[in-house]
Amino acid sequence: EDISADDVYLISLGGMAQIKRLQLLPEKRMRVISSNSAYPNQVVDLSKGISETDRSDDLGLQILGRVLV
């Protein structure tokens, strides 16, 4: 599935289901954007599938589907 700008997705990151906006970045990276300011945005290295801000995440990013709002 293609990632579209400003779309909201159900993802699994670090084994936890989350609903986030996704933004493709250069160099095979993706920004995971939270609407809640209590949770910081994360950048995921897609070639490794892990968060650059949380190296303990060895379960990687999975896009489970697009959320229809």
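1. Among contacts in the protein chain between residues at least 6 apart in sequence, what percentage join residues at least 24 apart? The share is 31%. Keep in mind that this is a predicted model.

2. Start with the overall fold. The protein chain has six strands and zero helices. Its pattern along the sequence reads β-β-β-β-β-β. Three of the strands come up repeatedly below: E1 covers residues 8-13, E2 covers 16-25 and E3 covers 29-33.

3. Next, burial and surface. The chain has 69 residues, and 35% of them count as buried. About 4800 Å² of the protein chain is exposed. Carbon and sulfur atoms supply 48% of that area.

4. Now the interior. The largest nonpolar core holds nine residues: Ile3, Tyr9, Ile11, Leu13, Leu22, Met30, Val32, Val44 and Leu61. Strands E1 and E3 each supply at least two residues of this core. E1 gives the most, with three residues.

5. Ile11 deserves a look of its own. Ile11 belongs to the core. Leaving out residues up to four places away in sequence, Ile11 touches Met16, Ala17, Gln18, Lys20, Leu22, Val32, Leu61, Gln62, Ile63 and Leu64. Among these partners, Leu22, Val32 and Leu61 are also listed in the core.

6. Which residues make the nonpolar surface patch of about 280 Å²? They are Leu10, Ile19 and Leu64. Leu10 sits in strand E1. Leu10 counts as partly exposed because its relative accessibility is 32%, between the 20% limit for buried and the 50% limit for exposed. Leu64 has a second role, as one of the residues that Ile11 touches.

7. Asp7 is a point to check. Asp7 lies in the segment before E1. Asp7 is buried, yet has no salt bridge. The nearest side chain of opposite charge is Arg66, 4.1 Å away. The cut-off for a salt bridge is 4 Å, so that pair does not count as one. Setting aside neighbours within four places in sequence, Asp7 is in contact with Lys20, Arg21, Leu22 and Arg66. Of these, Leu22 is part of the largest nonpolar core, and Lys20 is also touched by Ile11.

8. Look next at the loop between E2 and E3. Glu27 is placed there, and Lys28 is too. Phi of Glu27 is near 65°, a positive value in a residue other than glycine. Phi of Lys28 is near 55°, again positive in a residue other than glycine. Are these residues buried or exposed? Glu27 counts as exposed because its relative accessibility is 70%, over the 50% cut-off. Lys28, at 60%, counts as exposed by that cut-off as well.

9. The last point concerns two glycines. Gly14 is found in the loop between E1 and E2. Gly14 is partly exposed, with a relative accessible area of 31%. How far apart are the C-alpha atoms of Gly14 and Gly60? They are separated by 5.8 Å, although the two residues are 46 apart along the chain.

10. To recap: the chain is built with six strands and zero helices. E1 is the strand that gives the most to the largest nonpolar core, and Leu10 of that strand helps make the nonpolar surface patch. The places to inspect by eye are Asp7, buried without a salt bridge, and the positive phi values at Glu27 and Lys28.

Definitions and conventions: Residues are numbered from 1 along each chain as its sequence is written. This is a predicted model: local features need pLDDT of at least 70, side-chain atom pairs count only at pLDDT 80 or more; totals for chains, interfaces and linings use all residues. Side-chain values use heavy atoms; hydrogens and water are left out. Patches are made of residues with over 30% relative accessible area and no salt bridge: like charges are joined within 9 Å, nonpolar side chains (Val, Leu, Ile, Met, Phe, Trp, Tyr) within 5 Å. Accessible areas come from the Shrake-Rupley method with a 1.4 Å probe; for residues, only the protein chains shown count as cover. Helices (H or I, at least four residues) and strands (E, at least two) are DSSP runs, numbered from the N terminus. Buried means under 20% relative accessible area, exposed over 50%, partly exposed in between (1.4 Å probe, protein chains only). Lys and Arg count as positive and Asp and Glu as negative; His and the chain ends are not counted. Contact means heavy atoms within 4.5 Å. A nonpolar core is a set of buried Ala, Val, Leu, Ile, Met, Phe, Trp, Tyr and Cys residues joined through side-chain atoms within 4.5 Å.
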